[in-house]
Amino acid sequence: MANNIAFQAMGKTYKAAATTTSQRINILADMPCNQLLVSSHESSQGGQPVYFRIGDSTVTAVAPTAGNPQYWYIAVPGQNKVITVPKQFTTTDGLYIAFITETTTAECYFTPGEGL
């Protein structure tokens, strides 16, 4: 993991079209890496956050509610961020991400790579 360089994409960008129903994608990288650039292009005024969780091929998403906390990463509307994920993923051993919104729909993009 190279945290002292600008983010370098190491694979294709995946689009998550999130709804109130749990969905899952499998992200593959062109070369081994363990970081993602997460981009939410939703309007920061009224846009929905996307809650996502990383796991194996059975990972599911449940939106957090009052009294029902969940383990999440959050894609905040109108922001980009790089996160380090708990496992290295490659061209053959992907990274499963389950995602959901609380209401309506939202789009989020995931790009494998390394850097700041």
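Start with a salt bridge: in this predicted model, the side chains of Lys87 and Asp93 meet at 3.0 Å, N to O. Lys87 counts as partly exposed, at 28% relative accessibility. Asp93 is partly exposed too, at 40%.

How many salt bridges does a search of the whole structure find? It turns up 2. Besides the Lys87 and Asp93 pair, there is a salt bridge between the side chains of Glu107 and Lys15, with 3.2 Å from N to O. Glu107 sits in strand S9 and Lys15 in strand S2, so this pair ties together parts that are 92 residues apart in sequence. Glu107 is partly exposed, with a relative accessible area of 30%, and Lys15 is partly exposed at 46%.

Now for the rings. The structure holds 3 aromatic pairs, and two that involve Phe52 are set out here.

| Ring pair | Centre to centre | Angle between planes | Arrangement |
|---|---|---|---|
| Phe52 and Tyr73 | 5.3 Å | 20° | stacked |
| Phe52 and Phe110 | 5.0 Å | 75° | edge-to-face |

The stacked pair links distant parts of the chain, with Phe52 in strand S5 and Tyr73 in strand S6, 21 residues apart. The edge-to-face pair reaches from Phe52 in strand S5 to Phe110 in strand S9, so it ties together parts that are 58 residues apart in sequence. Ring pairs link Phe52, Tyr73 and Phe110 into a cluster. Are the members of that cluster buried or exposed? Phe52 and Phe110 are both buried, with Phe52 at 0% relative accessibility, whereas Tyr73 is partly exposed, with a relative accessible area of 27%.

Phe52 and Phe110 also turn up in the largest nonpolar core, which has 22 residues. They are among the members that touch the most other members, along with Leu36, Val38, Phe89, Ile97 and Phe99. Which elements give two or more residues to this core? They are strands S2 (14-18), S3 (23-27), S4 (33-39), S5 (50-55), S7 (80-89), S8 (95-100) and S9 (106-114). There is also a second, separate core of 7 residues, and its members include Tyr51, Ala63, Trp72 and Ile100.

Phe99 is a good residue to click on if you want to see who packs against whom. Leaving out residues up to four places away in sequence, Phe99 touches Ala16, Ala17, Ala18, Thr21, Ser22, Gln23, Arg24, Ile25, Val50, Tyr51, Phe52 and Ala61.

Val50 is on that list, and its place is in strand S5. At 0% relative accessibility, Val50 counts as buried. Setting aside its neighbours within four places in sequence, Val50 is in contact with Ala18, Tyr73, Ile74, Ala75, Phe99, Ile100, Thr101, Ala106, Glu107 and Cys108. Two names there appeared earlier: Tyr73 from the ring cluster and Glu107 from a salt bridge. As for Ala18, its C-alpha atom and that of Val50 are separated by 6.8 Å, although the two residues are 32 residues apart along the chain.

On to the strands. Strand S5 belongs to an open sheet of 4 strands, in the order S3-S8-S5-S6 with antiparallel pairing. Why is one side of S3 and of S6 left without a neighbour in the sheet? S3 and strand S6 (73-75) stand at the edges, and each has a single partner strand, so there is nothing in the sheet on the other side. Neighbouring strands of this sheet are turned by 30° against each other on average, direction ignored. Within the sheet, S5 and S8 run antiparallel and are joined by 5 bridges. If you want a spot to look at, Arg53 stands opposite Ala98 in S8.

Strand S4 has its own set of partners. S4 and S7 run antiparallel, with 6 bridges joining them, and the bridge partner of Leu36 in S7 is Ile83. S4 also runs antiparallel to S9, and 5 bridges join those two; here Leu37 has Thr111 in S9 as its bridge partner. Of the 7 residues of S4, 6 are buried, so this strand is largely enclosed by the rest of the structure. Leu36 and Val38 are again among the core residues that touch the most other members.

How values were computed: Residues numbered from 1 in each chain as written. Predicted model: local features only at pLDDT ≥ 70, side-chain atom pairs only at ≥ 80, totals over all residues. Heavy atoms only, no water. Core = buried A, V, L, I, M, F, W, Y, C linked by side-chain atoms within 4.5 Å. Buried < 20%, exposed > 50% of the residue type's maximum accessible area, 1.4 Å probe, protein only. Contact = heavy atoms within 4.5 Å. Pairing = 2+ DSSP bridges. Axes fitted to C-alpha atoms, helices over the stretch in contact; angles between N-to-C directions. Salt bridge = Lys/Arg side-chain N within 4 Å of Asp/Glu carboxyl O. Phe/Tyr/Trp six-rings, centres within 6.5 Å; stacked < 30°, edge-to-face > 60°.
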